[in-house]
Amino acid sequence: MTTAHDYPTLAPGQCPACGAVGSLVAFAGSLPLASGNRTIEVPQLVGERCERCEETFLDDTSHARYLAAADELVHQARLDAGAELRRVRRKLRLSQHEAAAIAGGGPNAFSRYETGKAQPVAAVFNLFRLLDRHPDLLGEILEAAASFQPRVKSPLRGT
């Protein structure tokens, strides 16, 4: 079926995800959320679920609650990750500025990582996990970081 504008519309009960007609049934229950090492169930959600592809479509209220729970879960996972980075940084006796110098991301990067305001790339986590297990590599990494100082040419200064 199409509208006057020739936009396709869904038939009643048609799944927007897989297109199965008559496959949507009422849903009331909980759905899982996962971020990092954390997993939660968001309870008391309402909407429709496709019997064919099992995709769930929440009503506006449940959708808003689910998104709020997801935001909070991501924030908590970032705090967990930040606490782990802080633990390793302190174990290595590095300042946040020194840690940022070897990981990249600018002078305030580590403060933002540790407070959960920013999510570092996987390479930062991998580097600090490696250093946690092999702190003897820190000297070599600091040496390499000190020798790597990219030069930026600025057309404004003629360099």
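Student: Hi! At roughly what angle do the axes of helix α1 and helix α4 cross?

Tutor: Hello! In this predicted model, the axes of α1 (residues 60–91) and α4 (residues 122–133) cross at roughly 40°. They come within 10 Å of each other.

Student: Why are α1 and α4 called oblique to each other?

Tutor: Angles under 35 degrees count as roughly parallel, and 65 to 115 as roughly perpendicular. The crossing is at roughly 40°, so α1 and α4 are oblique to each other.

Student: Is the crossing left-handed or right-handed?

Tutor: α1 passes α4 in a left-handed crossing.

Student: Which residues meet there?

Tutor: On the α1 side you'll find Ala81, Glu84, Leu85, Arg87, Val88 and Lys91. Their partners in α4 are Val124, Phe125, Phe128 and Asp132.

Student: And how many of those are nonpolar, polar or charged?

Tutor: The contact of α1 with α4 has 6 nonpolar residues and 4 charged ones, with no polar residues.

Student: What about Arg129, where is that found?

Tutor: Arg129 is in helix α4. Its C-alpha atom is separated by 8.5 Å from that of Leu85, although the two residues are 44 apart along the chain.

Student: How exposed is Arg129?

Tutor: Arg129 is partly exposed, because its relative accessible area is 46%, and partly exposed lies between 20% and 50%.

Student: Switching to strands: how do β1 and β2 run?

Tutor: β1 (residues 24–35) and β2 (residues 38–50) run antiparallel, joined by 11 bridges. One facing pair is Leu31 with Val42 in β2.

Student: What do β1 and β2 form, and how many residues are between them?

Tutor: They form a hairpin with 2 residues between them. In the turn, Gly36 has a positive phi of about 60°.

Key. Residues numbered from 1 in each chain as written. Predicted model: local features only at pLDDT ≥ 70, side-chain atom pairs only at ≥ 80, totals over all residues. Heavy atoms only, no water. Axes fitted to C-alpha atoms, helices over the stretch in contact; angles between N-to-C directions. Helix = DSSP H or I, 4+ residues; strand = E, 2+ residues; numbered from the N terminus. Parallel < 35°, antiparallel > 145°, perpendicular 65-115°, else oblique. Left-handed = near helix turned anticlockwise from the far one by under 90°. Contact = heavy atoms within 4.5 Å. Nonpolar A, V, L, I, M, F, W, Y, C, P; charged D, E, K, R; others polar. Buried < 20%, exposed > 50% of the residue type's maximum accessible area, 1.4 Å probe, protein only. Pairing = 2+ DSSP bridges.
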